[in-house]
Amino acid sequence: MAVGVKDEGTPSGGGARWWYDPKVRAIIFQVAFVVALVAFIAFIVNNTVVNLEKRDIRAGFGFLSEPAGFEIPITGVVDYSVDKGSTHGAVFLIGLQNTFLISAMGIVLATILGFVLGVLRLSNNWIVTLLVGSYIEIVRNIPLPLQFIFWQTAVFIIFLPKVRDPISIFDTIYIHNRGLTGPKPIGEAGLDFVFYAIFAAIGVVMWLRKWARRRQDETGKQFPVFWTSLGLLVGLPLLVASILGFPLSWEYAELGRFRFTGGMGIPIELFSALTALTIYTSAFIAEIVRAGILSVSRGQTEASHALGIRHGPTLRLVIIPQALRVIIPPLISQYLNLTKNSSLGILIGYSDLFNVFGGISLNQTGQAIEIIFMSMSVYLCFSLLISLYMNWYNRRIALTDR
Amino acid sequence: MIEAMNTHNRPFVRTEHLPQSPPPVSTSGIIGWARENLFSSPLNAVLTIASFYFLYLVIPPFVQWAFIDAAWWGSSNKDCAGYDGACWAVVTARFGQFVYGFYPEAERWRPNLVLILFAINLLPILWDRVPGRTIAALFLVTGFPLVALFFIHGGLGLEVVPTPKWGGFMLNLIMAAVAIIYSLPLGILLALGRRSEFPIISRFCVLFIEFWRGVPLITVLVMASFILPFFMPDGFNFNELLRALVGLTLFSSAYMAEVVRGGLQALPKGQTEAARAIGLTYWQSIRLIIMPQALKITIPAIVNTFIGLFKDTSLVIVIGLFDLLQVAKSSVTDTNWLGLEHETYIFVALVFFVACFAMSLYSLYLERKLDTDHRD
């Protein structure tokens, strides 16, 4: 490269002209890039401002405190009522809460189903492997939006009975094609103490686990942590509640001629969205679990058996910890996918963030830029948290790696 | 003396082999296979019986419903009244709409022609026995989109078919193809930028990639549909389909970048160093040394990304494009075809399943093939 430079009067110092210096080139190149980027952004911002003025749209987040004026099927713990003039800010909170609700439930269910399927896929039973394999291939290769719509309109609404004629469980819980109606819990004085008891139990359990592990490290004595924890978690709140005389009553749902009065309802959209998300994600999790278990070499099992460790503890103490190292990173990214996919609730009318806020609020206020970027940043924050956790986890397992 | 004893008490010694007897019935043939693969333990036996019972519950009624009792032809759901099973008439009667949307019937040879041209163009890229891979790939990115646009959209003597009339499965294919064709080069640039030595460039690429990977596609499509027009100069009118394509391309380019980055990371560092040592410039080393190797090992992953993208195209119903799923959705609310959710959605699922499953088989085949002839 520097050949052609040699016989022309070279500047002092090197054998090449300054523009062949990689450092100078790096600076020039990046400055040019930044200038181009800034110019592009300025162009976009300028266009946006002109367009907003032309269409007479007032930019800003003032719309969050304006009344929303539309009903939402699932309001959860957010105090929301059209008559009281609840705002678009409250709508945002409800959407956030419902997105978290369905994501959390979906993650738990998909993990359970995925682990079961992943283990079954590895069984030496020909027909089971075949069935699970077909399930995974079918579910993975059909678009998720179609699965959402299918469960809602072709399964639940058609096969469940109408509201007038519901499936009744002990005359308290009713299942029908608009969802599930059940008794509504009404807290009375003293309920707070039961919640405190639950938190206290969790604290004690965490301490107990540490203590038991330390004791085992020092003395080798084992302590039945699992059963004690279970007993504490169930027993302590129950004890407090019985002392206070069970400060909780139920408002039962009454079936009128066409609809239920009182009680609490879970709309069918939640079940459809949950079913679709769980089934779709479980197929991916099953493949991850299978790959994870296969990644632990057979020698580990044989060595463990040679040491005289039984089959159960081998699985629990040798195989699963090593398989988890392979399973967890892709598993977490599936959780992230599930959370993002929950935004498909808009297709069937589940009141998640993107449906109520990015859909209805957007149509009402016309504040497209603010609303879409607020919705996006919720998902972005979530994925940022997940990737921080992943980095931490990868560092942690890298330390224990040989 | 000893010899005498031996001759006297010589035990019987057989001089020829016995004919081989067959292995026990319980370890060979169907019974042996079943014992090993279906009933090897009590738990397995239970699972096997439960599985067969499940199949017995599902398969015969489904076959009865879908094939034996089904009505195949008709012009509305009244023609299916006499049949107990599926009413496939909805599919056969509206097949054209499922495939082409509202594309005029007389002009449907044009998308078909484009599909054939696409297949011909793709052949050298996907199958290494056909020569001319590089030229075909270049043409796919540059010339082919223009040819496809000319035929599908029209103009220059052909009747113009505006984009709102494009629909059905054709639209899914168009969107997936356009997004993949443009997101691959964009993804390569982003992956290179992410690994660049220039800190500003690599930061920017990381931010760009992580942004698109962090948000759901549905928000990207809505953003493209609602916000993109704001970003353009006043009076610049933006086609609805084009907006969706921009969103899809940017979205999938981030995923593509990560796939390509995986391929780049799998290459030993010595490849870059050797290329620089023999005096190749950065772009020469990328073009001649790095990319051919990196892309080769990432082709299966690229195909998998394409499958994901292809399934994702059905999301455009959120912004009102008339893709296959939207055709199905509006079909089940058509008064002539009410109550046919199962038939309609099963058909759509089948179409997507066949397409995606075929592609994933191709990606498996590639993985196996590339596995053998790769380094070390």
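Here is a short chat about a predicted model with chains A and B.

Visitor: Hi! What ipTM and pTM does the predictor give the complex?
Guide: Hello! This is a predicted model, and the predictor gives the complex 0.85 for ipTM and 0.85 for pTM.

Visitor: And what is the mean pLDDT of each chain?
Guide: Chain A averages 84, with 94% of the residues scoring at least 70. For chain B the mean is 86, and 96% of its residues reach 70 or more.

Visitor: Where in chain A is confidence lowest, and where is it highest?
Guide: Among the elements named, strand β7 (residues 260–261) of chain A is lowest, at a mean of 74, while α3(A) is highest, at 93. Also keep an eye on residues 1–12 of chain A, where the pLDDT is below 50. Beyond near neighbours in sequence, that stretch has 12 contacts in the model.

Visitor: Okay, how should I treat a low-pLDDT stretch?
Guide: Where pLDDT is low, the predicted coordinates should not be read in detail.

Visitor: Fair enough. New topic: how many helices and strands does chain A have?
Guide: Chain A has 11 helices and 8 strands. Its radius of gyration is 29 Å, well over the 21 Å that the globule rule gives for 402 residues, so chain A is more spread out than a compact globule. The C-alpha trace of chain A spans about 100 × 75 × 50 Å along its principal axes.

Visitor: What about chain B, how many helices and strands there?
Guide: Chain B comes to 17 helices and 0 strands. Its radius of gyration is 30 Å, where a compact globule of 376 residues would have one near 21 Å. Along the principal axes, the C-alpha atoms of chain B fill a box of roughly 125 × 80 × 40 Å.

Visitor: Which domains is chain A divided into?
Guide: There is domain 1 (21–51), domain 2 (88–183 + 252–400) and domain 3 (184–251). The centres of domain 1 of chain A and domain 2 of chain A are separated by 42 Å, taken over C-alpha atoms.

Visitor: And which domains does chain B get?
Guide: The assignment gives domain 1 (52–93) and domain 2 (98–371). Their C-alpha centres lie 36 Å apart. Between them, 7 residues of domain 1 of chain B are in contact with 10 residues of domain 2 of chain B. On the domain 1 side, the residues divide into 5 nonpolar, 2 polar and no charged.

Visitor: Now the part I came for: how many residues does each chain put into the contact?
Guide: The contact takes 46 residues from chain A and 43 residues from chain B.

Visitor: Which element of chain A gives the most?
Guide: That is α1(A), with 12 residues on the side of chain A that touches chain B. Elements giving two or more residues to that side include α1 (22–54), α9 (311–341) and α11 (368–400) of chain A.

Visitor: How does that side split by class?
Guide: The side of chain A that touches chain B has 30 nonpolar, 13 polar and 3 charged residues.

Visitor: Last one: where does α6(A) bend?
Guide: α6(A) bends by about 25° at Gly235(A), and the proline Pro237(A) follows within four residues. This helix covers residues 225–243, has 19 residues, and reaches 26 Å from its first C-alpha to its last, close to the 27 Å expected. Just after α6(A), Gly245(A) takes a positive phi of about 75°.

Notes. Residues are numbered from 1 along each chain as its sequence is written. Chains are lettered from A and ligands numbered from 1 in the order in which they are written. This is a predicted model: local features need pLDDT of at least 70, side-chain atom pairs count only at pLDDT 80 or more; totals for chains, interfaces and linings use all residues. The expected span of a helix is 1.5 Å times one less than its number of residues. The bend at a residue is the angle between axes fitted to the seven residues ending there and the seven starting there. Domain bounds come from an automatic or database domain assignment. Two residues are in contact if their C-beta atoms, placed from the backbone, lie within 7 Å. Ala, Val, Leu, Ile, Met, Phe, Trp, Tyr, Cys and Pro count as nonpolar, Asp, Glu, Lys and Arg as charged, and the others, Gly among them, as polar. pLDDT is the predictor's confidence in each residue, from 0 to 100. The radius of gyration is taken over C-alpha atoms; the globule rule is 2.2 Å times the number of residues to the power 0.38.
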